[in-house]
Each structure stands twice: as structure tokens, then as C-alpha cells.
Amino acid sequence: MRLQEIQGRERVLHALNRLTFGPRPGDVAAVQAIGLNKWFEQQLNAAAIPDATLEAKLAEYPAMNMSLADLQRKFPGPQAIKAMVEGKGQMQMPTDPVMRAMVEDQKEFYKLQRKAQAAANPGAAAAPDMQAQAMTSGADGDMAPATPTVPAKRKLRQQDVNAGMNALDSDKPEMAADKPIPAAEIAADPMMAAPNPGAGAAGPMREEAMKLIAMEPADRFTAIMALSPNQLQRLRGAAGPALTAGMTPEQREILVALPGSVRMIALESMESRLMRDIYSDRQLEAVMTDFWLNHFNVYVRKNQNEPYLIPTYERETIRPNALGNFETLLVATAKSPAMLEYLDNFRSVGPDSVQAKRIERVKQINPNGPIAKLASAGLNENYGRELMELHTLGVNGGYTQADVTQVAKVFTGWGIDRPFQGGEFAFEDKRHEPGTKTVLGKTINEAGEKEGLEVLHMLATSPATAHFISTKLAVRFVSDNPPEALVDRMAASFLKSNGDIKTVLRTMFNSPEFWSTEAYRAKVKTPEEFVISAVRASGATVNNPQALVQALDKLGMPLYGMQTPNGYSWTKEGWVSTGALVSRMNFALVLTADRMPGVRVDWNGLLGEEPAAVVPAAYDPKAATDPVAAKEKRLEQVLLGQPVSEKTRATVIGQSSDATVTEQALTQFDLGPGSTGKKGNYIPKGMRATLAPNAAPDDAQAAVMAGLLLGSPEFQRR
């Protein structure tokens, strides 16, 4: 029986809801003007689409375009700071005066907060090297180290500051070969503790803050860099967002990184990703990048090094291949430091490898020595298992535990050159398991790194992989339970095109199942899709996405926040509950009331009203017989593109003049200091407190109506 398909405007709206992060005002008309098929082909060839608006937004995140080595050199991680404080390794201080001042601050923050941790646990014995660097209180109340001596104030010449902002330090310091700090310690590590926004927020520090704010941005930056860590902590609570007003993005990054670089890098990776999803005109590329980031999931809190690996993972591994060839993408992820570290493959050592035999000899000579203690546990099967179960064949793909072990042996030696120093992929022959292996009944002859490439090719071209990937794509774009006939056609296209992702998407786009009435509005948005689509539908201007990052955390879907490698679910299970829908409604009301810091909605512009002529709809004599209902229907078309149910409409109109609706939402969806999310992210409480509140919305009634519509059951579907 032939499927009944949607037609006309609904067809365009359906495509925008499935193939983008939701339509913006004017998108439906724009697609209608050029034609749906032509628009789709343009989206498939993303590189040809200009993206000037996004590029301007991303200019605020210069660190996100740095190479991994440059990122770790300019913003040293906890391992490097710890090594410098403890006098271990060969880590060198930067020669650039600004970078040197930042590292000195980070060292002081580290020692200050280690002392605070020791004071909170007086029964715990301090390590000898930390005892040698005990802290003393200065006369002015600042903490200052006894040894080594670091000036509490650093005088920087303005020309040195300017020179330092223009180029990276050319030195390439060596870092200590230290074990990574476990993920469980990240939140507790004093290096990562957030400043106290209330400390010193009044009195002398308030006066000092006002003096700083009155300075020119360049002079203010120089003065702030000369403050001690304790003064910086108190200053944040006293000055608020005005502290960085007018500064360059590079200067702001340095100031945010002063208490520790990891938070700045992790937060920027989330913020820049959100800005891309909201503003990019290459929407299909953005959606597919999101799909593959979830498919090849990595976890930002794996350890303190993983945040450094994520920007290049998204920028160089996933996004360039999101609409390309699957095997190319698979190889890129297998060699990515982010994946190698997340699934611990860079630690894997073949049982009969040269490295394993060396470790055994050392253990026999000195079983309690540092090499014996730091030695790898041996063969690690994490990547071999997830490669087949989650990345290619699927859980029912026909492999056995013996295949997992054999694949793990194949990928021994696939590691990272200097894993905590910005190194890239490197094959280490001494770690590789010698001899032949057997994977899925096929003999893999000994060939070093080429063994892994052979296995990846075998998996990428497997019919089981074609079916598994096609199923996941159909679940993401068509329905939670896609028709098997559609999946079969997509899988056939996958195999015939050698894994060309564009070809598979074309097969889906041209299928009657994609356009069927059963598929229309049948998908429930994930929290990420909901938040981004609400921002896009409202035409909001996002100047600072930090509150949106935090909102995703509260809604249970923080970016890069899924700890297990299976990624977030694309189906409604897990996302639909009474509590979850209430939270979405509260988010929508906070957003539309302009109470989301850093995000602003122009209701006058969105509704086509002249700001000087705006009057409450209930009192507009030129409106229709029922002006409130007229405004509500206008908002339905602007935000959803179609009518809502009579029940939803009655609720929206009935509560449109109730000011307590927004206030209640603010109470329940608190984004202020002290608020917590479901999974936790890297936003320090002190940073939350410094986000400036917005002014009241220009049309309070429209704001309430819009919040209720964006939180309605109709908007939760796509």
C-alpha cells in the first residue's frame, strides 16, 4: 500500500525540523523560494555555503582554533602546573610576560587551594614536597608562598602585554611524564575550584573594582594580571561582567583561565559548539556533526587532559567527515587522541610485545620501582569492543568475545606521541602484539599499523555495519522505529557507494517513508534539540551561550557529558516524563522573558511591531475583535509554523497576563550561583554569578505566550 505523504508547506517545515536544528523566522519562506530539493543539495555541499555570521560569533573563541600542541603550550594543564609546583619534570615557564604571569597565578591558585584542602582534612598527612612549599598568610590577608618566592604583584610593561597577545611563545616546554589525575578528582581538585563570588564583594575591594572598571580595557587587563590570586578571587565577586568589558577575546580567555585552564577550554568547547548549532547556515553539516559526535562519543570529564583533546576532535576529526565517507571517518576517530585516551587504547600493550617483556624484566628486578608501578595493566579491550558493538557492526553484528580480544591485539601500538603534551597519533611498534590474528574468521597477517587499517576496512564495508549505521540514521531522522524497508534501501546505498554518507542521506530524503504522514511530528526532541530549536525559533540573539550550556546540564544532556560510550538516546524514552516536560516549560519561559543571561529576544521585531508604537495587545484598538487571540495565533505561526491544539491555545491565552508564571519558572529553573545540574559540567559557580541580567522584555505578554508555546507538547515534537 502506497504511503500517504505530507505536501506543500508542511513538507518544507518537516525538512527543516528534521535536517536542521529547527527553522528560524523566515527559513520556511526562504526554502520555498529556492525549492526544497535544491536547498537539500546545497546543504549536502556545506563548504559552498557562506557562514559569515557564525564566523563572527566564533571569533570570540580563539583558543578553539589552536592546534593541540599550541593549546597545551599556551594554557598549561593541571599536570604541567602540578609538575612546576612540585619541581618535577622539565616543564619550563613561558618567556612571554602575559603567559608567564598567567602560569604564576595558576601555580599560586594550586598551592592556595591545596593548603585549603589540607586544612579541611587536618588528619591527612601532607606529601613531603608539598610540606616544603607550605603557605603563610601575608600581612594584607593574601596568601603568599614561603618558597619559592613569587611576587604578589607583577609589573608588566604595556608593550610586553601587547607583544605577548600577538604570538605564542616559541618555546616548547617538556612536561612531566605523570599519570593523569582520575576524573573523580577533577571536581575536588583545588586547582579546579570556583572562586567565591561573595568574598570581598564590598568595602575596599569594591572601590578597587570600580577603579579598574573605569580604566581603558588594555590598562585594566594589565592591572588585573598584576593582582594576587586572593585579590582576583575577591575581585570577581565585586566587579561582575564589567571587569572584562571591551577586552579582546584573547584577553578574556587568559583571565578566565587564571584559576586553571581546563575549565576555560572545556567551557569554550561547549559554548562554541552551541553557537555553531544555533547560527550556522550549514545546518545539515551541524546536525550530522552532532550525530557523529554522539555515535563516536567521548566524555569531557574522562580526566583533566580530555578537554584539551575535544576541540581538535570536533574540528578536525568529526566535522570535516560528517558528510563524507564512513571509512575515512572511522579511521580518523580510531587515530584521534580524544578517542584513544577516552577508551584507553593508548595504554594497551600486547601480552607478547617488546614492551610487555621489558616491563616483566623490570618487575622482577625492582617490583616496587616507579616503572613497575606506572606500567600498563596490559591488553585493553575497551576500544576493540566498542569499535564493533557501537561504531560499526552493532550489538547483534555476529562477533564474539574472541573477536574482541583479537581486535584489541590488532590495535595495540595505536597510541599518542607524548599523550599529555599535545602529541598526535603515533604507532608504537614496541607495544604491538606480534603474530597473526583472526577477526570474524579472517586471518590478519602481521603488518604493524596496517593490521588496524585492514580491520577498519573490513568493518566499514560489512553489510552488518551498513545496516547498523542506516538504522541509527533512520532513528535520528525518520522515527523511533523506522520501517525495515527504508533501512534496507539505505543500507544498500551505503554498500553500493562504499559508505558515502551523502548517498545514504539522499536515499532517505527521497523515500516515501521520510515524507509519510506517520513520520510527521513523530519524533520527540532531545533536550539539546529542544534548547537549540527554541533559541532559533525565537530569533534570539546569543551574546554569551554560557547560560544555555548550563541549561542543557539542568535538562540532563550536557554537551560531551555522556560518560558511557553508547552516547545519548535518539528515542523518546529517557527524555519524556512529567518532571522533564515541566523543566522544558520553565526553560522556555525564562528564555522568552529575557531572563536567560546573555540571550535576548526582540519581540517587537519578531512580531513586526514598531517599538515606539507597541501597546499591550489587550488595549490595541486596531487589533482584531480579540487582540489577545490574534497575537497568540501570530506567535503560533512564528514559533511553530502551524496551529496548536485548542487545549494548548486556551492555556496560552488564559495565562498570557499572569506575571507569576515567569517568576515561578525562574524559581524552578534557577541558573544563578549554587544551582546544580543533573550530570555536572565545568561552569564555575562564580562565573555563573557574573552573567549580567537582561532588561525586561519589550512585550511582556508576548514573552509569556511564547514561553508557553515553546514549552507546549506541540513544540516538543519535530
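## Notes on charges, rings and backbone

1. Let me start with Lys357, which is partly exposed at a relative accessible area of 48%. That value falls between the 20% below which a residue counts as buried and the 50% above which it counts as exposed. Please keep in mind as you read that this is a predicted model. Lys357 sits in helix H19, which covers residues 354-365.

2. Which residues form a positive surface patch with Lys357? Its partners there are Arg358, Arg361 and Lys430. A residue joins a patch only if its relative accessible area is over 30% and it has no salt bridge, and the 48% of Lys357 is in keeping with the first part of that rule.

3. Now to the salt bridges, of which the model has 33. Take Arg536 and Asp27: their closest N and O atoms are 3.5 Å apart, and the pair counts because the limit is 4 Å. Arg536 belongs to helix H27 and Asp27 to helix H2 (residues 27-34), so this bridge ties together parts of the chain that are 509 residues apart in sequence.

4. Are the partners in that bridge buried or exposed? Arg536 is buried, with 2% relative accessibility. Asp27 is buried too, at a relative accessible area of 14%. Each value meets the criterion for buried, which is under 20%.

5. Another bridge worth a look joins Lys631 to Asp699, with 2.6 Å between the closest N and O atoms. What does this pair tie together? Lys631 is in helix H31 (residues 627-639) and Asp699 is in the loop between H34 and H35, so the bridge connects parts that are 68 residues apart in sequence. Lys631 and Asp699 are buried. Elsewhere, bridges with shared partners make one network out of Arg24, Asp27, Asp281 and Arg536, so the Arg536 and Asp27 of point 3 belong to it.

6. The bridge between Asp594 and Arg600 pairs a buried residue with a partly exposed one. Their closest N and O atoms are 3.1 Å apart. Asp594 counts as buried, with 0% relative accessibility, whereas Arg600 counts as partly exposed at 29%.

7. Glu451 is a charged residue to inspect on its own. You will find Glu451 in helix H23, residues 449-460. Its relative accessible area is 0%, so Glu451 is buried. How far is Glu451 from Thr436 in sequence and in space? The answer is 15 residues along the chain and 9.3 Å from C-alpha to C-alpha.

8. Turning to the rings, the count is 17 aromatic pairs. One of them is Phe530 with Phe715, an edge-to-face pair with 6.2 Å between centres and 70° between planes. This pair links distant parts of the chain: Phe530 is in helix H27 (residues 527-537), while Phe715 is in the segment after helix H35 (700-710), 185 residues apart. Phe530 and Phe715 are both buried.

9. Phe587 and Phe669 make another such contact. Their ring centres are 6.0 Å apart and their planes meet at 70°, so this pair is edge-to-face; the cut-off for that label is over 60 degrees. With Phe587 in helix H29 (residues 578-592) and Phe669 in the loop between helix H33 (660-668) and helix H34 (685-689), the pair ties together parts 82 residues apart in sequence. Phe587 and Phe669 are both buried.

10. If you like to look at groups of rings, colour Phe291, Trp292, Phe296, Phe326, Phe494 and Trp570: ring pairs link them into a cluster.

11. Last, the backbone. Most residues other than glycine have a negative phi. Leu440 is not a glycine, yet its phi is positive, about 55°. Leu440 lies in the loop between strand E5 (437-439) and strand E6 (442-444). With 33% relative accessibility, Leu440 counts as partly exposed.

12. Where is Asn498, and is it buried or exposed? Asn498 is in the loop between helix H25 (484-496) and helix H26 (501-509), and it counts as exposed, with 57% relative accessibility. Asn498 also has a positive phi, near 60°, and is a residue other than glycine.

Definitions and conventions
Residues are numbered from 1 along each chain as its sequence is written. This is a predicted model: local features need pLDDT of at least 70, side-chain atom pairs count only at pLDDT 80 or more; totals for chains, interfaces and linings use all residues. Side-chain values use heavy atoms; hydrogens and water are left out. Patches are made of residues with over 30% relative accessible area and no salt bridge: like charges are joined within 9 Å, nonpolar side chains (Val, Leu, Ile, Met, Phe, Trp, Tyr) within 5 Å. Accessible areas come from the Shrake-Rupley method with a 1.4 Å probe; for residues, only the protein chains shown count as cover. A salt bridge is a side-chain nitrogen of Lys or Arg within 4 Å of a carboxyl oxygen of Asp or Glu. Lys and Arg count as positive and Asp and Glu as negative; His and the chain ends are not counted. The place of a charge is taken as NZ of Lys, CZ of Arg, CG of Asp or CD of Glu. Helices (H or I, at least four residues) and strands (E, at least two) are DSSP runs, numbered from the N terminus. Buried means under 20% relative accessible area, exposed over 50%, partly exposed in between (1.4 Å probe, protein chains only). Rings of Phe, Tyr and Trp (its six-membered ring) pair if their centres lie within 6.5 Å; planes under 30 degrees apart count as stacked, over 60 as edge-to-face and the rest as tilted.
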